[in-house]
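Please open the model in your viewer and keep the sequence panel visible beside it. The tour below proceeds from one selection to the next.

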Amino acid sequence: MTSFPINVAGARPLSEREAAPLNKELRDAAQQFEAILLRQMLSSARSTDFGGNDLFGGEGEGTFREMRDARFAELTAQTGQLGFASAIEKQLARFLPKGEN
């Protein structure tokens, strides 16, 4: 028999875990995924060049724009305005052990 490098003697089966922590973890992960998706969408939209000259241009403006877009994406995902996180959470909740969703 193979020995494990960790002690699993006190471990409980997953089905005995409380539902609240799993649901919160799933909700947080779904919101983070929505924020990533929004950041990608904003980045793609901003990469379009309409041929205009930026008034202030430069690396600093690009960095600030990225930070602003990241914060906007996080806030939007937390408020649930687009509903991506909610849809992701519903889909993935089906895979939680029975009695925990």
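Is Phe84 buried, partly exposed or exposed? Select this residue in the predicted model and display its surface before reading on. Phe84 has a relative accessible area of 33%. Because the partly exposed class lies between the limits of 20% and 50%, Phe84 is counted as partly exposed. Its place is in helix α3, which covers residues 84-93.

**The patch around Phe84**

Keep Phe84 selected and add Phe33, Leu37, Met41 and Leu82. Together these five side chains make a nonpolar surface patch of about 440 Å². Helix α1 supplies the largest share of the patch, namely three residues.

**The whole chain**

Now zoom out and colour the chain by secondary structure. Three helices are present and zero strands, and the order from the N terminus is α-α-α. Of the 101 residues in the chain, 17% are buried. The accessible surface amounts to about 8,200 Å², and carbon and sulfur atoms account for 57% of that area. Consider also the contacts between residues at least 6 apart in sequence: 87% of them join residues at least 24 apart.

**From Leu42 to helix α2**

Next, select Leu42, which belongs to helix α1 (residues 19-46). Which residues does Leu42 contact, once its neighbours within four places in sequence are set aside? They are Asp69 and Phe72. Then draw a distance between the C-alpha atoms of Leu42 and Ala73; the value is 8.5 Å, although the two residues are 31 places apart along the chain.

**Along helix α2**

Select residues 59-79, which form helix α2. This helix contains 21 residues and spans 31 Å from its first C-alpha to its last, close to the expected 30 Å at 1.5 Å a residue.

Within α2, highlight the buried residues Asp69, Ala70, Ala73, Thr76 and Ala77. Why do these residues lie on the same side of α2? They do so because they cover an arc of only 135 degrees around the axis. A view down the helix axis is suitable for inspecting this arrangement.

Rotate the helix to the face turned away from its buried side, and select Gly60, Met67, Gln78 and Thr79. These residues are exposed.

**The last stop**

Finally, move past the end of α2 to Gly80, which follows the helix. The phi angle of Gly80 is positive, near 75 degrees.

Notes. Residues numbered from 1 in each chain as written. Predicted model: local features only at pLDDT ≥ 70, side-chain atom pairs only at ≥ 80, totals over all residues. Heavy atoms only, no water. Helix = DSSP H or I, 4+ residues; strand = E, 2+ residues; numbered from the N terminus. Buried < 20%, exposed > 50% of the residue type's maximum accessible area, 1.4 Å probe, protein only. Contact = heavy atoms within 4.5 Å. Areas by Shrake-Rupley, 256 points an atom, 1.4 Å probe, with all protein chains shown as cover. Expected span 1.5 Å × (residues − 1). Arc of directions from axis to C-beta. Patch = residues over 30% accessible without salt bridge, like charges linked within 9 Å, V, L, I, M, F, W, Y side chains within 5 Å. Salt bridge = Lys/Arg side-chain N within 4 Å of Asp/Glu carboxyl O.
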